[in-house]
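Here's a friendly walk through one structure. Have a look at it first, then read on.

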Amino acid sequence: MTNRTGKPAPVTDASPIIQIREVVKTFKNAAGEFTVLKRVNLDIYPGQFVSIVGKSGSGKSTLLNMITGIDHPTSGQVVIGGTDIYKMTESRRSLWRGRNLGIIFQFFQLMPMLTLLENVMLPMDYVNHGGFDERPERAMDLLKLVGLEQFAHKLPLAVSTGQQQSAAIARALATDAPLLVADEPTGNLDSRSAEHIFDLFEQLAAQGKTIVMVTHDPSLTLRTSRNVIISDGELIDETVARALSLLTHPQMMAVTRRAERVSFPPLRTIIRQGEHVDTFYMIIHGEVDVVLQGRKKEDAVVARLTAGDFFGEIELMRGGRSIANVRAGPDGPVELLSLPRDEFLRVVRESPLTEETLGRIVQHRLKENQSADRRRKLRLFG
Amino acid sequence: MRTALVVLSIAVGVFSIGVISGAYAIISNDMSASYAANAPSNIELRMADFDESVLETVRNTNGIAEAEARRVFSIRVRAPGTNRWTALDLVAFDDFEANRVNLLIPVEGQGAPGKRQVVLERDALTRVDVEVGGLLEFELPDGSIKSMPMVGVVQDTAMGAGDFLAAPYAYITTSTLQYLHEPQDFNRIYATVSDGGDDILHIRDLGAGLKDRLEKGGAYVVRSRFSETHTHPLADTTNAILGILMALGILIVFLSSSLIANTLAALLQQHTRHIGIIKLVGGRGRQVLAMYLALIMAFGALALLVAVPLGGQGAYGLAAFIAGELNFTLLGYRIVPTALLIQVLVGLLVPLIAGLVPVINGSRVTVLKAISGEAARDEGGRPKVEGRVSRFDRFQTRVTVALARRGIHIPRPLVISLRNTFRRRGRLILTLFTLTMGGAIFIAVFNVRVTLHDYIGAISRYFVSDVSLDFEAPYRLSEMEQAVMKVEGVTRVEGWQFVSGELLDETGMVLENLNVFAPPAKSELIEPILVAGRWIEPGDVRKFAVSEAIFKYYPDLQPGDRLKIRVLGKDETWEVIGIFKFVDREGLLAYAPYEYVSRLTNYANRAFMFRLVTVQHDRAYQDAKAEELDAVLRERGFKLLSAEAGSASLDTAVESLDTLVVFLLIMAVLTATVGSMGLTGTMGMNVLERTREIGITRAIGATDRIIMLTVMVEGMLIGAISWGLGAVLSVPFTMLLARIVSLAVFETPIDIVYTLNGYVLWLGLVLALSALASVIPARNAARLTIREVLAYE
């Protein structure tokens with residue numbers, strides 16, 4: 001009973017490094033208006049390695065442009081590191097970006113007339129980072145970090161695309177910005193180069209950099225600490241995405257819209273054993289315990305579920321009454337997304353893959369419950 | 001934007017060639033036509049005083065159509081209340097109504113003066129501050145002053161034409177002569193011939209015969225002057241100048257064609273994708289070619305629409321300016337068919353030729369290449385996978401790496417500017433070509449100006465004296481010395497002789513008037529520029545040094561050769577001892593020693609002309625002394641004709657040369673304009689092509705200021721390189737231009753002088769122009785939002 005990434009998003013008490021509030025972006029052209037981002041809200045915390053995924057035209061690059069200050073929101077607010085970036089002029093924002101943000105593009109975008117070393121030094125010159133004479137050394141260190149020191153004096157044209165992207169990462173690190181933003185950084189690379197680049201991202205994430213990366217490669221989203229999905233300009237609830245990851249994005253969006261947030265204090269029973277269940281639950285935050293009750297009303301916790309996990313599906317899919325008690329964990333309140341029975345069944349029917357997977361999970365959980373029940377009985381008689 | 005640039009590039013070339021070819025046609029036609037329309041005299045005889053009977057003799061001579069007699073004398077004039085005297089040549093007409101030769105064209109007020117009235121030639125207005133109806137004061141030889149109203153302004157296209165140094169004219173009737181204490185006699189005859197007005201040999205022949213006849217009748221002809229009816233005396237000079245202008249015009253067309261080629265290449269590159277699509281849906285290379293050729297023709301037609309009317313106006317404006325400077329009237333505004341044809345040809349053919357290579361290349365692009373964007377975006381677009389780095393790029397990086405190893409780090413934004421400069425090398429070469437040409441011409445014009453002034457300066461060594469005194473009668477040298485040395489500031493005086501004569505050919509025919517000046521052989525008031533032989537010596541008898549203009553008649557003349565001349569009515573043979581450089585005035589100039597000429601004229605120890613040296617040599621001091629000497633000598637009863645500052649006539653010559661330089665400068669500025677337009681276009685195209693890169697720099701922290709600086713430094717670097725090349729190229733340009741101008745003006749090649757002024761001024765100007773040419777592209781670059789840039793993805 002784990003979510004697909006296996007890595008729950010770290011939620012810290014620190015304030016978010018990126019706060020996107022009610023951001024709307026509408027483009028106008030001869031055909032009329034087209035809203036690409038629809039009241040998007042998103043918080044990203046320091047140290048997170050976030051992937052933003054979505055289909056082509058879903059608005060993921062536009063969302064990224066809102067974070068980098070490359071584009072203006074039609075309405076809403078983007079605060080990065082405490083700075084409302086759209087209150088600055090374009091020129092000041094550029095300077096701010098140079099100091100606070102490292103950007104990595106799909107097409108690397110190295111300056112073709114500068115050597116790799118010079119490319120890395122360029123942002124330092126622009127934002128006056130460090131002493132002028134120290135810049136070559138720092139740039140060389142960064143090229144070493146990405147394994148390009150022997151190509152330092154080559155022009156981008158003279159090295160491979162993978163090496164160009166590595167150099168672009170070194171450039172993004174040049175001003176020691178706390179935040180790295182990457183737009184499909186491996187989209188134009190062969191798989192070996194892509195692997196190398198992603199290794200670099202993982203290293204940087206491990207060193208504490210906050211990384212926001214747009215990608216459409218599902219294999220990469222498995223390796224990030226958080227996965228934000230955008231569909232038709234709206235963010236899919238991350239709990240829904242983790243719990244029902246095999247749904248299509250529109251289906252996830254439908255669930256996101258219909259699911260309701262509910263909260264339970266510690267140890268409060270959510271589903272009572274033997275009663276009818278008509279809700280599917282997905283855990284946003286906190287823990288729930290699956291408890292089997294004996295004839296003497298003694299409790300046995302057979303499973304503990306955490307954020308991204310779900311419950312209620314066995315009863316909804318099989319029909320019948322609850323086979324166990326489910327209650328909020330003892331350490332704190334639990335926040336859940338609840339989806340009514342009909343809605344859940346409709347979504348499952350629409351997604352054969354999800355139905356099949358859930359079926360397997362149900363079988364698996366039933367077996368686990370049966371063996372837990374047997375173990376409990378053996379203990380009782382032994 | 002790019003379309004506008006192509007049209008503008010074509011229009012500049014069409015306009016320039018239109019202005020110049022139009023002006024050329026108008027001037028070459030109108031100059032002679034307007035000159036001829038005013039019945040210029042073919043024969044001018046300057047004579048000792050004569051009466052009506054001599055005129056009758058001339059009129060009755062076979063082959064003479066019209067003849068008029070006039071009295072011409074020098075007089076000083078000023079506006080009442082001022083103290084600035086100006087020398088005028090006053091021309092007395094018997095009857096203005098019967099004016100048939102050297103016609104006067106009324107400009108303002110009355111065309112003919114009444115008794116005790118004066119009419120001014122319009123040129124005189126620049127020297128005398130008076131309006132029609134105003135009074136003028138005339139100083140008579142006895143020092144008395146007479147007033148006359150100025151009742152009109154006329155234009156006299158014939159008299160004085162061709163003489164840069166001539167005094168301006170004013171006109172009175174013979175009835176006014178008495179008022180000015182002048183005799184009622186005439187001293188000049190102006191005649192036209194009935195046939196062969198454009199046959200100078202015939203005119204000379206007729207003139208010589210007439211002169212003989214008059215002299216046999218007891219009249220004395222001091223000098224004669226012959227000219228053709230349809231040849232303006234300055235036609236050669238003007239044609240030479242127009243020739244230079246035409247050459248510059250062709251150059252501008254050439255330069256604008258490189259601009260067109262540049263812009264079309266960029267346009268075609270932008271259209272590569274469209275070409276790909278056309279080919280994808282079945283279009284053939286030939287159809288694409290035809291489509292773009294039609295587009296170029298449309299550009300040409302648009303440019304013609306703009307440039308032809310402007311060119312017509314410009315041509316007439318330039319012609320009117322030149323006509324004003326050379327004192328002739330244009331026949332009226334008109335479109336010159338030849339100029340129009342040239343404009344149409346230039347407007348349609350030059351863009352076609354210039355655009356042919358880019359268009360052919362564009363039409364040959366393969367669908368794959370076009371659609372993939374490879375051809376269109378080899379810069380700043382999607383990065384190429386590993387490719388070849390050019391040798392030049394490798395060289396550039398090696399230089400910076402080598403510098404870096406020595407601890408010299410160039411800021412990267414500057415490195416971008418430097419390397420961007422050399423990225424589009426074909427475009428750079430074309431841009432540099434236009435700017436370099438503009439610069440070289442600009443610098444050359446300054447060098448030529450200084451060269452001309454230097455030559456005038458050298459000529460001023462023929463006028464070392466501070467004050468020149470001319471008298472009506474000869475005075476003893478000792479007497480004059482006594483008189484003038486009393487004037488404070490005068491340190492030395494020399495008496496010079498002058499004798500006029502004629503240069504003859506082997507058969508005794510008059511070739512040219514001859515003015516023989518006779519300073520003391522050891523005079524320090526003249527420093528001749530000898531090109532061959534030696535200067536005059538006291539013992540020289542029938543020997544003289546002649547000006548270089550003699551080569552026109554005797555191209556192989558060498559010192560030691562003998563020339564046939566007529567002097568004081570006698571044919572003699574004199575030996576040429578030296579040949580010197582000088583500007584000739586109304587005939588050939590020669591120097592012989594005073595020691596001999598004073599005996600020849602029977603005025604030993606006497607002179608009509610005196611040259612004085614004063615303690616100070618500036619123009620103001622010279623003027624003051626001339627005025628003082630004028631007053632002192634008149635008071636003592638000397639019959640003074642004029643007292644002038646030594647450099648007065650030179651200043652007039654300098655003014656004339658400056659007019660010429662202004663023409664050249666206009667052309668230089670025009671070429672510089674074309675050059676900077678080329679640079680603006682190049683920078684615009686560069687910025688357009690590098691939009692993505694500019695967006696990237698913005699994404700990584702570049703502010704507006706840095707982006708603008710990066711673009712502007714690139715532009716200024718191109719400007720600086722063009723300056724260096726222009727400075728080198730200006731040397732042969734200066735040589736060529738100086739030679740053409742000096743041959744046209746001085747009829748002799750002159751030594752070239754180089755001045756830093758042109759180089760420094762052009763450096764400043766080209767940097768300013770480059771900065772200006774880059775500022776709009778730079779601002780556009782800075783205004784680009786990154787999203788716009790990345791929207792190319």
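What follows takes chain A first and then chain B.

This is a predicted model, where local features need pLDDT of at least 70, side-chain atom pairs count only at pLDDT 80 or more, and totals for chains, interfaces and linings use all residues. Residues are numbered from 1 along each chain as its sequence is written, while chains are lettered from A and ligands numbered from 1 in the order written.

Chain A splits into domain 1 (18-236) and domain 2 (256-381), with bounds from an automatic or database domain assignment. Their C-alpha centres sit 40 Å apart.

Now for strand β17 (residues 325-328) of chain A and its partners; strands are DSSP runs (E, at least two residues), numbered from the N terminus, and two of them pair if DSSP finds at least two bridges between them.

| Partner of β17(A) | Sense | Bridges | One facing pair |
|---|---|---|---|
| β12(A), residues 269-271 | antiparallel | 2 bridges | I271(A) and V326(A) |
| β14(A), residues 288-293 | antiparallel | 4 bridges | D289(A) and R327(A) |

Over in chain B, I718(B) is part of helix α17 (residues 704-745); helices are DSSP runs too (H or I, at least four residues). I718(B) counts as buried because 26 C-beta neighbours lie inside 10 Å (the cut-off is 20 or more other C-beta atoms within 10 Å, placed from the backbone). Leaving out residues up to four places away in sequence, I718(B) touches T421(B), L428(B), T431(B), L432(B), L679(B) and S770(B), contact meaning C-beta atoms, placed from the backbone, within 7 Å. V464(B), by C-alpha atoms, is 48 Å from I718(B) in space and 254 residues away in sequence.

Conventions:
A residue is buried if 20 or more other C-beta atoms lie within 10 Å of its own, exposed if 12 or fewer, and partly exposed in between; C-beta atoms are placed from the backbone. Two residues are in contact if their C-beta atoms, placed from the backbone, lie within 7 Å.
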